[in-house]
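Here are my notes for you, set out as numbered points. Keep the model open while you read, and look up each residue as it comes along.

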Amino acid sequence: MSTPAIRLKDVSIRFPIRKGVLRRVVGEVRAVDSISFDINEGETVGLVGESGSGKSTTGRGLLGLSHLSGGTVECFGQDLAALKRDRGALPRISQLVFQDPYASLNPRMTIGETLGEVLHVHRLVPPAEIGARVAKLLDDVGLRRETAERHPHALSGGQRQRVAIARALAIEPKFIVLDEVVSALDVSIQGQIVNLLQDLQRQRNLTYLFITHDLSIVRHVSHSIVVLYGGQIMEMGPRDSLFAQPLHPYTSALLSAVPVPDPRIERARARLEVRSEPPDPSAPLPGCRFQRSCAFAISRCQIERPVLRPIGSHDSRHVAACHRMDEPLVREALSRASHGALS
Ligand code: ADP
Ligand code: MG
């Protein structure tokens, strides 16, 4: 097997909590707590979890925008720390696109000026060729060339997201972090943007980290999926295996929240709710992060932190961190809850 494009090893990202006029550090938020996973070149890993689970922090960490408190990231065989020292090396490899392109587009500049500025700053094409390259970028993301004359406010949400994608592509990166890029869009527009991203991936062999809280979207775009809760990985594996047989109660709960179009199936499903509040990342409990919200928690879950492992004869790449996931009764309850979310 070839080496993965992106490899995270025991990555932790912590933020200090400061209090008072002296801004003394009184604690820390463990936003990302020792996570490891790979992204193969030309593939997409879907990173899912509810708000506050550490998804964006992970994405920013991969781009060198959040300081790693521990662990390492390898980017196309090179250490992230070394890439960061070589100014400008990292942006040429990796780019970020996020939910609200409006916030990242200068309202006073036309789309053509915005894209042209990126090409100019990074000296990607000679000045005389910038106009032609902007036109090509607009073509690539399915926008009309006249869009170059427009300002961001004159565009729809979907068009603005296409501009944000064009701006990331301008640098010709190999890896793109897509952070909730379709979450704010209408469902019909979501599909168009997802199709565009998939076409671009195939044409250019792009590697994606696709961040979303919405499991139904991630299913369409991901080769494999990583489920995050409280800054830790609860489950990960190849997309089909994970959707066919979720191993972790949290994944099942996320799947049971995905609406099923067939009303008969919808009525027959056993709902698995995520109870209580998400964990406090500044005061993590011993044992399993998910214990307070888990319908299956036992005393062992309060004491011993479960490790990621496969079950039985299952695909060994599909792993989860749960003490009870091999128990037939738990298995059955989980598959009933996620039933129907699979089609
Ligand atoms: P998600 O993207 O899954 O919603 P985030 O990665 O944004 O989650 O946040 C994870 C945790 O880290 C949250 O508890 C959040 O409040 C905290 N956090 C994120 N960024 C910072 C920061 N710059 N300073 C302090 N805490 C932060
Ligand atoms: Mg986020």
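1. Let's begin with Ser34, which has its place in strand β2, residues 24-39. The phi angle of Ser34 is near 55 degrees, a positive value in a residue that is not glycine. Is Ser34 buried, partly exposed or exposed? Ser34 counts as partly exposed because its relative accessibility is 33%, and the partly exposed class runs between the 20% and 50% cut-offs. Please bear in mind throughout that this is a predicted model.

2. A second residue of this kind is Arg123. Its phi is near 45 degrees, again a positive value in a residue other than glycine. You will find Arg123 just after helix α5, in the loop between α5 and α6. Arg123 has a relative accessible area of 74%, so it is exposed.

3. Now step back to α5 itself, which covers residues 111-121. Which of its residues are buried? They are Ile111, Gly112, Thr114, Leu115, Gly116, Val118 and Leu119. As you look at that list, remember that an α-helix has 3.6 residues a turn, so residues three or four places apart point the same way. The buried residues of α5 pack against two helices, α6 (130-140) and α7.

4. Helix α7 spans residues 157-170, and Ala166 is found in it. With a relative accessibility of 0%, Ala166 counts as buried. What does Ala166 touch, leaving out residues up to four places away in sequence? The answer is Leu115, Leu137 and Val141. Leu115 is also one of the buried residues of α5, so this is a good spot to see the packing of α5 against α7. For a sense of distance, Ala166 and Leu83 are 83 residues apart in sequence and 24 Å apart in space, C-alpha to C-alpha.

5. Next, the sheet. It is an open sheet of seven strands in the order β6-β7-β8-β3-β9-β10-β11, and its pairing is mixed. Why does one side of β6 (94-98) and of β11 (319-320) lack a neighbour in the sheet? Both stand at the edges, and each has a single partner strand, so one side of each is left without a neighbour there. For β6, five bridges join it to strand β7 (residues 175-179), and the two run parallel. To find this pair on screen, look for Ser94, which stands opposite Phe175 in β7.

6. Strand β9 deserves a closer look. Five of its six residues are buried, so "mostly covered" is a fair description under the cut-off of 20% relative accessible area. Strand β3 (residues 44-48) pairs with β9 in the parallel sense over four bridges, and Leu47 stands opposite Val226 in β9. With strand β10 (residues 232-238), β9 pairs in the antiparallel sense over six bridges. β9 and β10 form a hairpin with two residues between them, and Gly230 in the turn has a positive phi of about 55 degrees.

7. Within β9 (residues 224-229), try centring your view on Val227. Its relative accessibility is 0%, which means that Val227 counts as buried. Across the hairpin, Val227 stands opposite Glu235 in β10. Setting aside residues up to four places away in sequence, the residues that Val227 touches include Val48, Ile233, Met234, Glu235, Leu242, Tyr250 and Leu254. Val227 and Gly46 are 181 residues apart in sequence, yet 8.3 Å apart in space from C-alpha to C-alpha. When you follow side chains along a strand, recall that in a regular strand they alternate between the two faces of the sheet.

8. Finally, the whole chain. How many helices and strands does its secondary structure come to? There are 14 helices and eleven strands. A compact globule with 343 residues would have a radius of gyration near 20 Å, and the 21 Å of this chain agrees with that. The C-alpha atoms fill a box of roughly 70 × 55 × 45 Å along the principal axes. Of the 343 residues, 49% count as buried. Among contacts with a separation of 6 or more, 64% come from residues 24 or more positions apart. The accessible surface comes to about 16900 Å², with 50% belonging to carbon and sulfur atoms. As for charge, there are 43 positive and 36 negative side chains, and the centres of the two sets lie 4 Å apart.

Technical notes:
Residues are numbered from 1 along each chain as its sequence is written. Chains are lettered from A and ligands numbered from 1 in the order in which they are written. This is a predicted model: local features need pLDDT of at least 70, side-chain atom pairs count only at pLDDT 80 or more; totals for chains, interfaces and linings use all residues. Side-chain values use heavy atoms; hydrogens and water are left out. The radius of gyration is taken over C-alpha atoms; the globule rule is 2.2 Å times the number of residues to the power 0.38. Buried means under 20% relative accessible area, exposed over 50%, partly exposed in between (1.4 Å probe, protein chains only). Contact means heavy atoms within 4.5 Å. Accessible areas come from the Shrake-Rupley method with a 1.4 Å probe; for residues, only the protein chains shown count as cover. Lys and Arg count as positive and Asp and Glu as negative; His and the chain ends are not counted. The place of a charge is taken as NZ of Lys, CZ of Arg, CG of Asp or CD of Glu. Two strands pair if DSSP finds at least two bridges between them.
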